[in-house]
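Biologist: Could you take me through one part of this model slowly, as you would for someone in their first year?

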Amino acid sequence: MTGQERSEKSECVSLSPMREAVPAPLEYERVCVFGTGDMGRSLGLRLLQAGYGVVFGSRRPHSSSLLPHRAQVLGHAAAAQSAHLIFIAVQREHYDFLVPLANQLKGKVLVDLSNNLRKNQYPEANAEYLQSLVPGAEVVKGFNTLSAWALQNGPSDANRQVYICGESAEAKQAVMAVATKLGFSALDRGSLSAAWELEDFPLQLFPQWRLPLRIAIGLCAAFFFYLLIRDIIYSYITQGKDISFRIMVSLANKVCPIVSLIMLSLCYLPGVLASFLQLYRGTKYRRFPDWLDRWMLCRKQLGLLALGFAFLHVLYTLIIPIRYYVRFKSTERTVSLIRENRTTEFDTTMAWRGDSYLSLGILGFGLYVLLGITSLPSVSNALSWREFSFVQSKLGHLTLLLCTAHTYLYGWNKFLRSSTYKWYTPPGYMLCLVLPSVVLLLKLLLITPCVDRTITRIRQGWERGADQRNPKDSQPLIP
């Protein structure tokens, strides 16, 4: 980034004889970039690749050796006169060098790329401050949500949008044309007063993940302490056994699948509630409550966190055979049977239960992974809406069904034993089955023919009572 510039040379100064010998072709549209840091260099390189002639404005034009070879490097005053569109790739604290250039910048379009280190760092937005320093120029805020890496490597699905705001429609149109030529999708956010919001975008840390993360942390903490009391503390108080070592693997391997199943249910519960709300209202033209809107917007994040907990459950399960505690108990049981000269009979029912339990778990996890893969932008963009809806809705509910059945088979007939209810509390897996069971039952009601037919009509625009309110609309026209 450049610093404060107190004096400018009027003559053009090139970086090297090579640059003097290879100037930008005159037929190319020239743009200027003030700033030779990472952002300025990356933007200049991208502009050159798009066919623009690039002129860098620098306070030390003779020492800017890292810039692209096809670009010219001039003093600020000379660079300002060479192009109508100027990108300001410097930090706000170095804007003072622009004040002596007010005459040269009059009528120019200045694109402010700056960001701050924290929110509310200054009383006004950087772009508004820049406009106050150079009132004769047309200031446009833009490109600040992109990183230098994104500019060097080109747009991707995750950072394709460029937000633009400014007072002049012509200036914004010029900047949007450059963004489009660079391969980005430009979005006009209105007047320059929106610059404050645009400058806050890069400072946001996972805004769509905050609610899902809070839910995940809350569920983990609640079930961890609940199972800690039921399994570890209960055994120590009632039997005098210290099994605190089971916290690391056994307890974690109970918490992860419980949280995963609940969060997967939370992905599909808002859609079910929205369907019933549309049924109750008889129309789709009324907004959902704010809490339901917010819930539906974070379903993807809820699902990905649920998949993460499912992965942890699989990993914890895979290490069970190599645990010291498991190997010790298995060896002790085998030695005990040999000493007592006893054998155990093969239980076909338990074999069916065990194989079914494992099979449903494997199938459920496989569909879980498929849901996670199709939620990636690079994959979802390659699917049609019908394909994406089929995977996320139909296969998603099937995943929930398989995982719920997997958990039911885990419990089997334990709910009939009084020993299951330690201190009269149900085990954790019973509690986690409540929500997915409710979601599946509600979904079953929605897919019944009579209800599904009504929902389909509502989503196609039909409104209950519309014919009575507007009888003329339902009557055929008489010629």
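Biologist: Please look closely at cysteine 256: is this residue buried or exposed?

Modeller: Happy to! Keep in mind that this is a predicted model. Cysteine 256 has a relative accessible area of 7%, so this residue counts as buried.

You may wonder about bonds to other cysteines. The structure holds zero disulfides. For cysteine 256, the nearest cysteine sulfur belongs to cysteine 220 and sits 6.6 Å away. A disulfide would need the two sulfur atoms within 2.5 Å. Cysteine 267 tells a similar story: its closest cysteine sulfur, in cysteine 298, is 8.4 Å off, which is too far for a bond. Cysteine 267 is buried as well, also with a relative accessible area of 7%.

Now let's turn to the surroundings. The largest nonpolar core has 50 residues. Ile262, Met263, Trp295, Leu302 and Tyr368 have the most contacts inside this core. Its biggest contributor is helix 9, spanning residues 252-281, which gives 15 residues. Take isoleucine 262: beyond its neighbours within four places in sequence, this residue is in contact with Leu219, Phe223, Cys432 and Leu435. Apart from the largest core lies another one, of 34 residues, including Ala50 and Leu182. In soluble globular proteins, nonpolar side chains tend to be buried together.

One more residue is worth a visit. Histidine 397 is part of helix 15, residues 385-411. With a relative accessible area of 12%, histidine 397 is buried. Setting aside residues up to four places away in sequence, histidine 397 touches Tyr268, Leu440 and Lys443.

Note on methods:
Residues numbered from 1 in each chain as written. Predicted model: local features only at pLDDT ≥ 70, side-chain atom pairs only at ≥ 80, totals over all residues. Heavy atoms only, no water. Core = buried A, V, L, I, M, F, W, Y, C linked by side-chain atoms within 4.5 Å. Buried < 20%, exposed > 50% of the residue type's maximum accessible area, 1.4 Å probe, protein only. Helix = DSSP H or I, 4+ residues; strand = E, 2+ residues; numbered from the N terminus. Contact = heavy atoms within 4.5 Å.
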